[in-house]
Amino acid sequence: MDINNLKNLLLNIKEGKVDVDTALEDLKTLPFEDLGYAKVDHHRSIRNGYPEVIYCEGKTDEHIIGIVEKMYEKKSNILGTRAKKETYEKLKKIYPNCEYEELGRIIKIQNKPIENIGKGSIVVVTGGTSDIPVADEAYHTAKFLGNDVKRLYDVGVAGIHRLLNNKDVLMDARVIIAVAGMEGALPSVVGGLVDVPVIAVPTSVGYGANFNGLSALLTMLNSCASGISVVNIDNGFGAGYLSSMINKL
C-alpha cells in the first residue's frame, strides 16, 4: 500500500464507502506481512516513497514467488534485482505483465503507472562495455522508480575523447552515475567536468591486481574531485536508488 492508497482508504471510510471492519482487514498487514521465511514490508512506500525491492540472489524461486504474490495483492509495482532468467520464466507464467532485463538481471512487474517524479535527467556512464551489466541494473532501477534516465556507455579514460564528445549530455544531467572497473578513474574525470552529484560505482571488472573491484573502489574513495559519493562494488541498484532520491529533491 502506498500513500495514495492509504489516503483513498481513509477518504472512503470518511465518506461511508468502506466500513470500518473492511478497512481494518486492509490495515492488518500494513506494517509487514510475516511469511515465515520473509517479512514483506508493505509500509515501506509510505515511509520511504518506494515499495520494497526484492534482492533475488540467494533466495529460492519458491520464496521469491511467495514474496511477489503478497506484493502483487497490494497492487505494488515490483522490482527484483540479481534475478535468474529461470526465476523470471516461472513468474511470467503466473504474471503475464512480468518483464526481464537480461543484462541487468532485473525483474519488473508494473501494476500501476509509473509517475516521473524526477526534477531532471539521470545519466548512467560506463568506462567500458564490460561494465554494462552493473550500469543496466542502475539504469532500470532509476527508470522504474520514476526518472528520465539516459545511457552513455564505453566512454572510459582509455579514450577520453569519447567522453568529451558527449559533454553536453553530462552538462544537462541532474545526477550522474559513473560505473567503472579496472583502476576506476572515470568518476574523477566526470566529477571534474560537472556541477552535479556523481555517484561512483566500482565494478569487479579487471585483471588480478584489480582484486575483484577493490582497486576501483579505493580509487573512487580517494578521488580528489568534489561531489562524488561511492557505493559498494557492483552495486548498480544502490546507485540507481540513490540517484532517484537525489533527482526528486
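Is Lys-108 buried or exposed? In this predicted model, Lys-108 is buried, with a relative accessible area of 13%. The residue nevertheless has a charged partner: Glu-99 forms a salt bridge with Lys-108, and the closest N and O atoms are 3.9 Å apart. Glu-99 itself is partly exposed, at a relative accessible area of 44%. The bridge therefore joins a partly exposed carboxylate residue to a buried lysine.

This contact is one example from a wider set, for a search of the whole structure finds 10 salt bridges. Among them is the one in which the side chains of Lys-85 and Glu-102 meet, at 3.7 Å from N to O. Here the partners come from distant parts of the chain, 17 residues apart: Lys-85 belongs to helix α5, whereas Glu-102 is in the loop between β5 and β6 (106-109). Lys-85 counts as partly exposed, because its relative accessibility is 36% and the buried class is reserved for values under 20%, the exposed class for values over 50%.

Helix α5 and strand β5 are also connected through aromatic side chains. By the ring-centre criterion, the structure has three aromatic pairs. One of them is formed by Tyr-72 and Tyr-95, whose rings are tilted, with 4.5 Å from centre to centre and 40° between the planes. This pair too links distant parts of the chain, 23 residues apart: Tyr-72 lies in helix α4 (residues 61-73), and Tyr-95 is found in the loop between α5 (85-94) and β5 (98-101). The two rings differ in their surroundings, since Tyr-72 is partly exposed at 30% relative accessibility, while Tyr-95 is buried at 8%.

A further aromatic pair consists of Tyr-88 and Tyr-100, which are stacked at 5.2 Å centre to centre, with 15° between the planes. Why is the pair classed as stacked rather than tilted? The angle of 15° between the planes falls under 30 degrees, so the pair meets the limit for stacking. Because Tyr-88 lies in helix α5 and Tyr-100 in strand β5, the pair ties together parts that are 12 residues apart in sequence. Tyr-88 is buried, with a relative accessible area of 16%, and Tyr-100 is likewise buried, with a value of 16%.

Elsewhere in the chain, a charged side chain meets an aromatic ring. Arg-151 lies over the face of Tyr-139, at 3.8 Å from the ring centre. A separate ionic contact involves Asp-154 and Arg-162, whose side chains meet in a salt bridge of 3.3 Å from N to O. Both ends of this bridge are partly exposed: Asp-154 has a relative accessible area of 30%, and Arg-162 has a relative accessibility of 26%.

Charged residues can also be joined in groups. Glu-57, Arg-82, Arg-105 and Glu-137 are linked in a network of salt bridges.

The surface offers a contrasting feature. Which residues form a nonpolar patch there? The patch is made of Phe-211, Leu-214, Leu-218 and Leu-221, which together have about 400 Å² of accessible area. Phe-211 is placed in the loop between β10 (198-202) and α10 (214-221). With a relative accessibility of 57%, Phe-211 counts as exposed, because this value lies over the 50% limit.

Conventions. Residues numbered from 1 in each chain as written. Predicted model: local features only at pLDDT ≥ 70, side-chain atom pairs only at ≥ 80, totals over all residues. Heavy atoms only, no water. Phe/Tyr/Trp six-rings, centres within 6.5 Å; stacked < 30°, edge-to-face > 60°. Helix = DSSP H or I, 4+ residues; strand = E, 2+ residues; numbered from the N terminus. Buried < 20%, exposed > 50% of the residue type's maximum accessible area, 1.4 Å probe, protein only. Lys NZ or Arg CZ within 6 Å of the ring centre and 35° of its normal. Patch = residues over 30% accessible without salt bridge, like charges linked within 9 Å, V, L, I, M, F, W, Y side chains within 5 Å. Areas by Shrake-Rupley, 256 points an atom, 1.4 Å probe, with all protein chains shown as cover. Salt bridge = Lys/Arg side-chain N within 4 Å of Asp/Glu carboxyl O.
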